[in-house]
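Ready for a few short exercises? Have a go at each task yourself before you read its solution.

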Amino acid sequence: MDPIRKIVIVGGGTAGWISASGLAAVLKGLPITIELIESAEIGTVGVGEATVPHIRYFNARLGLDEADFMRKTQATIKLGIQFCDWGRKGEAYIHPFGAYGHAIDGLPFHQHWLAARARGEAGPIETYSLPIMAGLAGKFAPPSSDPRSLGSTFNYAYQFDASLYAQYLRAYSEARGVTRTEGKITSVQQRPNDGFVTGVTLEDGRVVEGDLFIDCSGFRGLLIEGALQAGYEDWTQWLPCDRAVAAPCASVEAPTPYTRATADRFGWRWRIPLQHRVGNGHVYCSSYVSDDEAARALVENLDGELQQDPRFLRFVTGRRKKQWFKNVVAVGLSSGFLEPLESTSIHLIQVAVTTLLELFPHRGFDPADEDEYNRVMDLEFERIRDFLVLHYHANQRDDSPFWIERREGPIPDSLAYKMALFRERGAVVGYKDGFFLEPSWLAVYFGQNILPHGHDPLVAASDPARTAKIMADLAAAVTRTVDAMPTHAAFLRAMADARTPA
Ligand code: FAD
C-alpha cells in the first residue's frame with residue numbers, strides 16, 4: 001500500500017484549524033506533510049460560539065491544558081441549553097448535559113418518574129438533574145470521577161470565541177509542523193481519467209499539489225462541489241430557516257453556565273455568554289420575515305450595548321450527498337449545514353476528523369473506506385436532524401403561521417417512528433449509537449409537553465413507597481450538591497489564575 005505523503009487542507013476557519021490540529025496530533029512522526037491554504041480576503045464565517053461536551057475529549061486528545069484554553073478563547077462553562085417559548089410562550093426548560101437520576105431496579109429513572117407522576121408523587125423532572133439545578137443557580141464544579149457519586153452524572157462543554165479557538169489551534173498546528181499558505185485558490189486540477197484532485201492553483205500562479213484534500217472552504221465547497229459536484233441533499237422541507245443575523249453585545253451580568261435559545265415568531269434567537277461579551281443571533285425563515293425585521297427583533301432583545309453592526313448569513317439546511325468523494329473529504333460547512341440550535345457544527349467537524357483518522361486512506365483510496373466514512377457521517381447528520389426537527393414540531397404555539405406549519409408540516413419518517421414509540425410508553429429509541437442520548441430526547445419531550453400515554457409496565461415490580469423515597473433522597477442530594485458548589489464566576493476566576501504547566 002502506497003502511503004499518503006501530502007495532505008492539503010483548503011480553508012482556515014474553525015473546520016480548517018480543527019482538522020489541521022487533529023491530523024497533526026495523530027500523524028506526528030509519520031512522513032506526511034500537511035499544508036493549509038486560507039484567504040484573508042475571503043475570510044471566515046465568523047460565528048459558532050457554543051459547543052457540546054465532545055469538544056473536551058477532542059481537546060484532551062490534542063493534550064490542551066484546559067485553563068490555558070479557557071483563558072485564550074474567553075471560554076465560559078456550558079451545562080446545557082435553556083429553551084424559552086418553544087412549547088408554549090412563557091415556558092422554559094433546560095436540555096442538560098447529564099442524566100435525570102439513575103436507574104432504579106434496572107429500569108430508567110424516567111419510567112419510575114412517569115409512574116410516580118401519574119400517582120401525583122413526583123416533583124418536576126428538573127429537580128432530579130444536577131446540571132439543570134446547578135445551571136439555574138449559576139454554580140459549577142467539574143464532574144467527579146467517582147462513578148458512584150451524584151457529581152459524576154453530568155458533563156459540560158464551553159461557550160467561547162470561535163475565532164480565538166481557530167487561532168489557538170493554528171499556533172498548536174504550526175508548532176507541530178503544519179505549514180500555512182496565504183492565498184486565494186482560483187482553480188482546481190483533476191486527473192483526467194478518474195477526476196481525482198491533484199492540486200489547486202492560487203491567484204498568484206502558485207500550485208499546491210497533494211494526495212489527500214480536506215475541503216474546509218465553507219458553504220462554497222470549493223473542491224467537493226465546485227470541482228467534484230458531489231451534490232447536496234436539501235432538508236429545508238423539515239428545517240426551513242435559511243438566514244441568520246448575528247451581533248455581539250456587552251455583558252451586563254456574570255455569564256450564565258448555559259446557552260439560551262428563545263423561540264421567536266419566525267425562528268429563534270441565541271444568546272451565548274462569553275467572558276468578555278455575549279454572542280447573539282437570530283435564525284429565521286426568509287419567506288416569513290424580512291432581514292430588517294429579523295435584525296430589529298435581535299437588537300431589541302440584547303442584554304447590553306451592541307458592539308458591532310449586525311451581520312447577515314444565508315444557508316440551506318442539508319448535507320453533501322457524499323462527504324468523502326474520491327480523494328476529497330469535506331469537513332465543516334462544506335459538508336452540510338444544520339442550524340446551530342443544539343450547537344452541533346463544531347462537534348460534527350470533530351467527528352469528521354476522528355472518523356477520517358480511523359479510516360485513514362492510502363494513495364490507492366479503497367472505496368470501502370469512503371463508503372464507511374459516508375455511512376457514519378450520514379447517520380450523524382440524520383440523527384441530529386431528527387432531534388432538531390423535534391424542537392420545531394413539538395410546539396403548541398398559535399401566534400404565527402410559522403409555528404403552526406412547523407407543528408402540522410411533514411417530519412422525517414425516522415422521527416415519526418421515534419415519537420410514536422415514546423408516546424406509547426416513554427421508550428426512547430434510536431439514540432444508542434448517536435450523539436444525543438436518552439436524557440437529551442427526554443428533555444425536549446418533557447420540556448415541550450410531549451408526555452407518553454403510559455410507562456414501562458415493569459415499573460409495577462418496584463415498591464412505590466421505596467421508589468418515592470429514592471426519588472426524594474435524590475432531589476435532596478441534588479439541592480445539597482448544588483449548594484456546596486462554587487459559583488460559575490468563581491470557577492472562571494480560578495481558571496484565569498491557574499498556572500499552565502510548562
Ligand atoms: P468558514 O469559516 O467559512 O471558513 C472557510 C475557509 O475557507 C476560510 O478560511 C476561507 O478563507 C477559506 N476559503 C474559501 N474559499 C477559498 C479560496 N477560494 N481560496 C482560499 N481559501 C478559501 N457551530 C457550532 O458548533 N456552534 C454554534 O453555536 C454555531 N453557530 C452558528 C451560527 C450560524 C448563524 C452559522 C451560519 C453557523 C454556526 N455554527 C455553529 C457553525 C460554525 O460557524 C461552523 O461550523 C464553523 O465556523 C466552521 O466553518 P468552516 O471552517 O467550515 O467555514
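Below are four exercises on this predicted model, each with a worked solution.

**Exercise 1. Work out which strands stand at the edges of the open sheet of three strands, and why one side of each is left without a neighbour.**

Solution. Start with the order of the strands: it's β12-β18-β21, and the pairing is antiparallel. Next, count partners: β12 (232-234) and β21 (336-337) each have a single partner strand, so they stand at the edges and one side of each has no neighbour in the sheet. Now zoom in on one pair. Strand β18, residues 318-320, is joined to β21 by two bridges, and these two strands run antiparallel. Within this pair, G318 sits opposite F337 of β21. Finally, see what packs on the sheet: helix α10 (residues 367-393) touches β18 and β21. The direction of α10 makes about 175 degrees with that of β18.

As background, strands in a sheet pair through backbone hydrogen bonds, and they can do so parallel or antiparallel.

**Exercise 2. Check the span of helix α1 against what's expected, then find how many of its residues are buried.**

Solution. Helix α1 covers residues 14-27, which is 14 residues. From first C-alpha to last, α1 reaches 20 Å, close to the 20 Å expected at 1.5 Å a residue. On to burial: 13 of the 14 residues in α1 are buried, leaving the helix mostly covered. Then look just past the helix, where G29 follows with a positive phi, near 90 degrees.

**Exercise 3. Locate K78 and decide: does it count as buried or exposed?**

Solution. First, find the spot: K78 lies in strand β3 (residues 76-78). The relative accessibility of K78 is 0%, and buried means under 20%, so K78 counts as buried. Now list what K78 touches, skipping neighbours within four places in sequence: the contacts include A50, T51, F97, Y156, Y258 and S343. One last thing to note is that an unreviewed UniProt entry annotates K78 as "active site".

**Exercise 4. Place A162 in the structure and find how far apart A162 and T73 are in space.**

Solution. Begin with the element: A162 belongs to helix α6, residues 162-175. With 5% relative accessibility, A162 falls under the 20% cut-off and therefore counts as buried. Compare the two separations next: A162 and T73 are 89 residues apart in sequence, yet 7.3 Å apart in space, C-alpha to C-alpha. To finish, check contacts beyond four places in sequence: A162 touches T14, V47 and G48.

Technical notes
Residues numbered from 1 in each chain as written. Predicted model: local features only at pLDDT ≥ 70, side-chain atom pairs only at ≥ 80, totals over all residues. Heavy atoms only, no water. Pairing = 2+ DSSP bridges. Helix = DSSP H or I, 4+ residues; strand = E, 2+ residues; numbered from the N terminus. Contact = heavy atoms within 4.5 Å. Axes fitted to C-alpha atoms, helices over the stretch in contact; angles between N-to-C directions. Expected span 1.5 Å × (residues − 1). Buried < 20%, exposed > 50% of the residue type's maximum accessible area, 1.4 Å probe, protein only. UniProt positions renumbered as here; feature names shortened; annotations may be inferred.
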